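Take a moment to look over the sequence and the structure below. We will then walk through some of the details together.

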Amino acid sequence: MRHGSLEVVLIGAKGLENSDFLNNMDPYVIITCRTQEKKSSVASGMGSEPEWNETFIFSVSDGVSELSIKILDSDTGTGDDFVGQAKIPLEAVFEERRIPPTAYNVVKDQEFRGHITVGLTFTPEEGNDRGIEVESYGGWKQSSYQE
């Protein structure tokens, strides 16, 4: 059973398709972990190579298997344009506890639209009986009980 917090470090993106014809686009990201949703700041005028360097924290419980990252272009007066999205499987970070910043494919209409770089860290919930390992010392277990 997995319970804890997932830290998502949103670094930046490269090679995105510029959806604005006259100006550089103003991309931002919506990160979804099950029912939790977080929004990045708008990288104003950064076009297809935005940088955010922002950190988001999500509470994680059983059944969470992936992170969804949608990239949108902020437009004044009209609806924001969908640039693409990345789906990040979380199994590796649950096992390794930390995945260094990695580039994930951004896809729109089943076509490659660039990369988004994200770092992940999973911190298990402390003080529960859900499979937290107890440090073993050759057959006996350390106890924190004191008289």
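Is Glu66 buried, exposed or partly exposed? Glu66 is partly exposed, with a relative accessible area of 36%. Keep in mind that this is a predicted model. We will come back to Glu66 below, once the overall layout is clear.

**The overall layout**

The protein has one helix and 10 strands. Reading along the sequence, you meet them in the pattern β-β-β-β-β-β-α-β-β-β-β. There are 147 residues in the protein, and 35% of them are buried. The accessible surface comes to about 9100 Å², with 46% of it belonging to carbon and sulfur atoms. Among the contacts with a separation of 6 or more, 58% are between residues 24 or more positions apart.

**Strands around S8**

Let us follow strand S8, residues 111–124. S8 runs antiparallel to strand S1 (residues 4–14), and 10 bridges join the two. Here Leu6 stands opposite Phe122 in S8. S8 is also antiparallel to strand S7 (residues 98–108), this time with eight bridges, and Ile99 stands opposite Leu120 in S8. S7 and S8 make a hairpin with two residues between them, and Asp109 in the turn has a positive phi of about 50°.

**Salt bridges**

A search of the whole structure finds five salt bridges. Three of them are listed here, with the N to O distance.

| Pair | N to O distance |
|---|---|
| Glu91 and Arg2 | 2.8 Å |
| Arg113 and Glu17 | 2.4 Å |
| Lys87 and Glu66 | 3.7 Å |

Now for our opening residue: Lys87 lies in strand S6 (residues 81–89) and Glu66 in strand S5 (residues 66–73), so their salt bridge ties together parts that are 21 residues apart in sequence. Lys87 is partly exposed, at 44% relative accessible area.

Arg113 and Glu17 meet in a salt bridge. This pair links distant parts of the chain, 96 residues apart: Arg113 is in strand S8, and Glu17 is in the loop between S1 and strand S2 (27–33). Arg113 is buried, with a relative accessible area of 15%, whereas Glu17 is partly exposed at 40%. Together with Glu111, these residues are linked in a network of salt bridges.

**A serine in a loop**

Where is Ser40 found? Ser40 sits in the loop between strand S3 (36–39) and strand S4 (51–60). Ser40 is buried, with a relative accessible area of 6%. The side chain of Ser40 reaches the backbone nitrogen of Val29 at 2.8 Å. Residues that Ser40 touches include Leu10, Tyr28 and Trp52.

How values were computed. Residues are numbered from 1 along each chain as its sequence is written. This is a predicted model: local features need pLDDT of at least 70, side-chain atom pairs count only at pLDDT 80 or more; totals for chains, interfaces and linings use all residues. Side-chain values use heavy atoms; hydrogens and water are left out. Helices (H or I, at least four residues) and strands (E, at least two) are DSSP runs, numbered from the N terminus. Buried means under 20% relative accessible area, exposed over 50%, partly exposed in between (1.4 Å probe, protein chains only). A polar contact is a pair of N or O atoms within 3.5 Å; within protein, one must be able to donate a hydrogen and the other to accept it, and residues adjacent in sequence count only if both atoms are side-chain atoms. Contact means heavy atoms within 4.5 Å. Accessible areas come from the Shrake-Rupley method with a 1.4 Å probe; for residues, only the protein chains shown count as cover. Two strands pair if DSSP finds at least two bridges between them. A salt bridge is a side-chain nitrogen of Lys or Arg within 4 Å of a carboxyl oxygen of Asp or Glu. Lists of a residue's contacts leave out its neighbours within four places in sequence.
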